[in-house]
Amino acid sequence: MSVALDPRWTPQRSARVGKDLAWSWLTLNRLPLPDELHLDRESAGKFLRKTWLGVHSSKRRRSRIAVAVDDCDFSGRFDTPNGVFIQAPGSFEDHSALGVLCHEVGHHVDYTLNPKAYSRSKVSGFADLIDCEAEISDEEYNIHESFAEAIRLFITNPDLLMRGRPARWELLTRQLGLRPLHVKGWKVVLQKAPKYVHSAVEWWLQDA
Ligand SMILES: [Zn+2]
């Protein structure tokens with residue numbers, strides 16, 4: 001099976017591939033699947049606020065994920081109030097349906113490992129780690145988001161996480177014993193992404 005992720009997929013197809021990847025990865029690592037997954041705003045209801053693309057909740061020990069798949073249709077470059085983002089499925093910035101879904105699965109893992117969030121626990125050492133290593137993306141505005149982003153990239157492009165943010169990779173593989181779905185190089189995963197995404201990744205790799 002090809003590991004290449006295609007930015008031209010429709011949001012619906014991107015979500016399907018994201019779910020396949022995330023569910024396979026959770027199963028490989030003997031982690032439970034989320035109890036609920038909603039892939040549109042209608043079925044998610046108020047759980048998914050209007051301005052959000054995705055959400056995870058683990059109230060009453062039920063792990064729920066919702067993704068506004070129809071709203072995840074971003075091209076490779078897009079403008080936000082915080083500047084221009086260059087993104088693609090499997091890249092360091094990834095707002096595709098696939099990326100958003102795998103990010104929410106990252107929160108699911110955080111609260112599966114510890115009901116009060118593994119990332120925040122002293123034993124994890126994650127707080128010290130993120131003080132010493134550059135961020136993966138601009139999504140990392142708190143420790144929970146940092147953990148979710150690390151899991152997202154671990155699922156979607158493990159080689160990129162290993163090369164670009166090695167401290168995060170070490171924690172996930174050595175301390176938690178997590179295994180990647182494959183060992184293909186990051187360029188193989190991003191072979192369908194435009195050249196400017198590759199240039200952005202090269203720049204990001206130097207920023208570690
Ligand atoms: Zn998040």
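**Exposure, backbone angles and compactness**

Visitor: Why is Arg60 called exposed?

Guide: Arg60 has 6 other C-beta atoms within 10 Å, so it is exposed. The cut-offs are 12 or fewer such atoms for exposed, 20 or more for buried, and partly exposed in between, with C-beta atoms placed from the backbone. This is a predicted model: local features need pLDDT of at least 70, side-chain atom pairs count only at pLDDT 80 or more, and totals for chains, interfaces and linings use all residues. Residues are numbered from 1 along each chain as its sequence is written.

Visitor: What makes Arg61 count as exposed?

Guide: Arg61 counts as exposed because it has 8 C-beta neighbours inside 10 Å.

Visitor: Where does Arg60 lie, and what is its phi?

Guide: Arg60 is in the loop between strand E2 (54-57) and strand E3 (64-67), where strands are DSSP runs of E, at least two residues, and helices are runs of H or I, at least four, numbered from the N terminus. Its phi is near 50°, positive in a residue other than glycine. Arg61 lies in the loop between E2 and E3 and has a positive phi of about 60°, although it is not a glycine.

Visitor: Why remark on a positive phi?

Guide: Most residues other than glycine have a negative phi.

Visitor: How many helices and strands does the chain have, and how do you know that it is as compact as a globular protein of its length?

Guide: The chain has nine helices and five strands. Its radius of gyration is 16 Å, close to the 17 Å that the globule rule gives for 208 residues, so the chain is as compact as a globular protein of that length. The radius is taken over C-alpha atoms, and the rule is 2.2 Å times the number of residues to the power 0.38.
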